[in-house]
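Me: Please take a close look at the sheets of this protein chain and explain, step by step, how their strands are arranged.

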Amino acid sequence: MLPWVFPRTDEERAESMPSPPTREKDSADSRRSFLKRAINGLAVLAGILLGAAALLSLSPRRRGSGREEIVLLGDEDDAPRRGAREMLWSYEKNGRTVTGRVILVQSPEGLIALSPSCTHLGCFVVWREEEKEFTCPCHGGRYDSTGRNISGPPPAPLGRFDIEKREGKLYVRVPA
Ligand code: FES
């Protein structure tokens, strides 16, 4: 068809129309799909990293050098029959005394040993017998009797220590 002649039939009109920019559209589609896949990949990676961080925060014995010390807490009879009791521990290392404290709690899971340090900014939590939960005096964080953070700013449960019972004595494993 000559350029100065107007199209008369539908076919001529279709021929005279500019063809759609399919290459640019394909390229935009593939960029969009690449971005989508990249964002999905980053979301999965972030999920994995957050999960790993949460697992590490549950267990104090995994922090630091990874070495542990088994320390004596007292007699098995010293464990609380109900509620919670704070207990001190100590051991000698390189000529100096290392000390710390744990809270023994009769929880729905049985006797457990928790770190008294709030996972928000490290204040010591307090057991509330009536509510059967721990509260943090600094910013009002709350934990249930298993140490699970239930409200307020704490980002994670209280740290937990493994308990061992041997010949009537109670021991906990603490980071060395
Ligand atoms: S230090 Fe415990 S809530 Fe902030």
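Reply: Helices (H or I, at least four residues) and strands (E, at least two) are DSSP runs, numbered from the N terminus. With these terms, the elements of the protein chain run α-α-β-β-β-β-β-β-β-β-β-β-β from the N terminus on, which comes to two helices and eleven strands. This is a predicted model, in which local features need pLDDT of at least 70, side-chain atom pairs count only at pLDDT 80 or more, and totals for chains, interfaces and linings use all residues. Residues are numbered from 1 along each chain as its sequence is written.

For the sheets, two strands are said to pair if DSSP finds at least two bridges between them. One open sheet of four strands has the order β2-β3-β4-β9, with antiparallel pairing. Because β2 (84-93) and β9 (160-161) stand at its edges, each with a single partner strand, one side of each is left without a neighbour in the sheet. Within this sheet, strand β3 (residues 96-107) pairs with strand β4 (residues 110-114) over five bridges in the antiparallel sense, and serine 107 stands opposite glycine 110 in β4.

Another open sheet of four strands, also with antiparallel pairing, follows the order β5-β6-β7-β8. Its edge strands are β5 (126-128) and β8 (149-151), each of which pairs on one side only. Strand β7 (residues 142-144) pairs with β8 in the antiparallel sense over two bridges, and there tyrosine 143 has asparagine 149 in β8 as its bridge partner.
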